[in-house]
Amino acid sequence: MTEREEIQELRKEIQIHNHKYYILDQPEISDYEFDLKLKRLEELERLHPELYDEYSPTVRVGGSVTKNFENKNHPNRMYSLDNAYSYEELETWYRRCLNAIRDETGREQIEISCELKYDGASINLIYENGKLGSAITRGDGFQGDVVTANIKTVRTVPLELRGDFPASFEIRGEVILEKSEFERINNERSNLGLATYMNPRNTASGSLKLQDSGEVAKRKLTCLPYAVAGENLPFKTQIEVLESLAAFGFKIPDHYRSCKNLNEVQDFIAYWAERKNNLPFEIDGIVLKVNALEDQELLGATSKSPRWALAYKFESENAITRLVDVVYQVGRTGAITPVAQLEPVLLAGTIVKRASLHNKDQIDKLGLCFNDRVYVEKGGEIIPKIVAVVSSESERDERVSFIEHCPECETPLSRIEGEAQHYCPNTECCPPQIKGRIQHFISRNAMDIDGLGSETVSQLVDEGLINRIEDLYQLKAEELIVLDRMAQKSVENLLEGVSKSKNQPFVKVLFGIGIRHVGQTVAKTLAKEFGSIDQLSQATFDDLVAINEIGPRIAESVLSFFALEPNQITIERLKQEGLNFEVIQNDQVQKKQLFEGKSIVVSGVFSNFSRSELKQLIEELGGKNVSSISSKTDLLIAGDQMGPAKKKKAEALNIPMLSEIDLENKLKELSDQS
Ligand code: AMP
Ligand code: ZN
């Protein structure tokens with residue numbers, strides 16, 4: 001094979017693998033092999049500049065520099081879309097389309113194609129004889145910037161089309177950045193000390209205008225096409241357009257659908273409104289199009305947008321506002337959380353005044369200054385977060401510097417090696433920690449004390465009646481009744497709730513005492529593994545980390561909790577009050593149910609139990625031992641070498657039998673449950 005032939009061969013091969021990898025998600029060779037082929041091709045092309053081809057896969061690596069982007073007309077205008085924000089507006093649009101089609105054709109039905117509205121930058125790809133001629137940004141819809149070299153680096157844009165394509169036409173699509181790639185780029189930038197980008201959309205459209213196409217190639221942009229334009233095109237419907245684009249070698253996410261009526265359209269919208277955060281890329285709405293292209297032609301366009309399409313927009317989940325101040329909250333474990341106070345702004349239908357800043361690292365990473373204009377985002381969480389700073393360098397105020405002392409008790413803050421959070425170490429006297437601990441203890445998922453709420457806890461602490469969780473069990477009716485807003489009935493409820501809480505199982509107590517990093521799940525694991533607070537308090541670091549799900553951070557936290565004397569005192573006092581500090585009780589209740597009220601015969605020999613052990617176990621599990629089989633027997637526990645006569649009798653009377661292995665499995669199930 002001559003080098004010329006090898007070049008042709010490699011170009012073809014690489015294009016095929018590119019399609020398999022980026023469009024079909026079915027790579028056939030390893031990334032390494034792919035790179036080797038590409039490197040070889042680059043080398044050969046360097047040796048043979050006379051064989052340069054602007055459609056060679058090597059152009060995807062980029063490297064050309066554009067100083068000024070040339071301006072060019074779109075052969076066919078790029079329209080924008082009319083927006084709707086409510087089902088009423090949607091219905092108005094739908095009826096108008098339906099009426100116009102009925103008047104023209106007498107048909108009573110129209111089909112609507114529903115698609116995701118990708119949030120990126122629109123692009124017009126002009127293909128001549130199947131080859132990508134130029135790529136033009138939307139611009140003002142009549143003309144835009146020619147960014148062909150940059151678009152050629154986008155792996156999901158075929159340089160040459162496959163299949164049976166029209167000779168000359170335009171393909172319209174959205175250039176987007178997947179969320180994961182956006183995060184990767186931002187992480188890289190923040191590691192390099194560069195400012196992070198605001199959102200995938202801006203980053204995608206910014207990338208199209210980078211001068212160095214090599215830089216564009218490094219960002220894994222994606223192109224998702226949604227329309228075609230041109231003369232005498234063979235397509236009949238919008239759905240057929242999408243399917244054809246896939247056949248031409250584009251990536252078309254499988255999320256479009258043709259709907260027969262308004263209800264189906266609304267279902268599609270509702271479906272994606274709920275799931276949009278699970279998509280790998282961002283969408284800002286749903287695009288609805290009258291499916292039949294001849295109907296589209298009938299409907300035509302206004303001066304700005306086609307009448308046959310509508311963008312149903314989701315409420316914006318991000319906004320720009322101003323940072324007014326940063327306040328610091330002290331949690332029950334002493335953790336300090338910085339909270340941004342914002343100029344009120346409308347976000348996803350609610351007025352937002354605060355945003356979470358998580359910790360000092362987050363503030364530093366953003367490089368936050370007071371008075372900054374900031375970009376806030378909701379993104380599936382309840383409390384919005386600040387994603388980026390929008391202010392330019394010149395207009396910026398003083399840097400936000402993290403506090404060094406507890407805002408509540410003035411104690412110098414500390415930070416545990418390797419953790420991002422700062423803590424107020426004054427666990428004993430820091431007021432929000434005192435209140436927070438008790439409030440946590442009484443909460444639903446912990447001791448669930450009826451008749452006592454957070455407000456009352458705060459009041460009782462302020463009045464000096466309680467200071468630590470064990471004080472709850474010392475409360476007296478006389479001292480409560482004299483308090484503000486405390487009627488006889490509420491005093492009774494409160495005391496009864498406190499007293500009843502003594503029956504809560506160990507897991508709840510363990511969660512309730514509020515060991516840092518021990519949430520409900522971890523509490524469950526610890527209770528199961530150790531069975532009692534005494535065992536747990538004696539566990540070593542190694543004992544703890546040996547358990548699945550328990551890492552060094554939790555282990556350290558458990559150890560330091562038990563090392564503190566006040567905590568030991570609390571546990572001692574609570575024990576004296578009769579709270580549950582072992583799992584056993586719960587266990588017994590459950591085990592009792594297994595053989596509750598049953599008459600049981602034991603027969604044969606067992607490898608892991610003596611007969612007397614077995615009989616004792618049956619009683620513990622609520623059963624009654626009987627010696628001979630009769631119609632009143634509920635169960636036969638059968639070991640090896642059971643007498644054949646006994647067996648026959650049991651079978652004749654249809655008495656259920658349990659082997660030793662069955663029994664052990666049942667016991668194991670029980671202990672897994674508790
Ligand atoms: P807007 O920019 O809000 O007026 O919305 C119109 C833009 O939405 C178009 O110019 C396209 O770039 C973009 N878009 C995203 N997804 C689609 C889609 N599936 N169909 C049509 N346009 C889309
Ligand atoms: Zn404090």
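1. The domain assignment, automatic or taken from a database, divides the protein into domain 1 (3-61), domain 2 (83-313), domain 3 (318-415), domain 4 (431-503), domain 5 (506-576) and domain 6 (594-673). The centres of domain 2 and domain 4, taken over C-alpha atoms, are 59 Å apart.

2. This is a predicted model, in which local features need pLDDT of at least 70 and side-chain atom pairs count only at pLDDT 80 or more, while totals for chains, interfaces and linings use all residues. Residues are numbered from 1 along each chain as its sequence is written, and side-chain values use heavy atoms, without hydrogens and water.

3. The largest nonpolar core (buried Ala, Val, Leu, Ile, Met, Phe, Trp, Tyr and Cys residues joined through side-chain atoms within 4.5 Å; buried means under 20% relative accessible area, 1.4 Å probe, protein chains only) has 50 residues. L472, L510, I513, L526, L544 and V558 have the most contacts inside it. Elements giving two or more residues to this core include α12 (431-442), α15 (488-500), α17 (520-530) and α20 (552-563); helices are DSSP runs of H or I, at least four residues, and strands runs of E, at least two. Domain 4 and domain 5 each supply at least three residues.

4. Beyond its neighbours within four places in sequence, L544 is in contact (heavy atoms within 4.5 Å) with L526, F530, L536, A539, I550, A555, V558 and L559.

5. Another core, of 34 residues, lies apart from the largest one and includes I123, V175, V216 and F248.

6. Helix α8 (residues 238-247) has Q238, I239, V241, L242, S244 and L245 buried. Among the elements covering these residues are β3 (112-118), β7 (168-177), β10 (283-290) and α10 (293-299). Just after α8, G249 has a positive phi of about 110°.

Terms used
Chains are lettered from A and ligands numbered from 1 in the order in which they are written.
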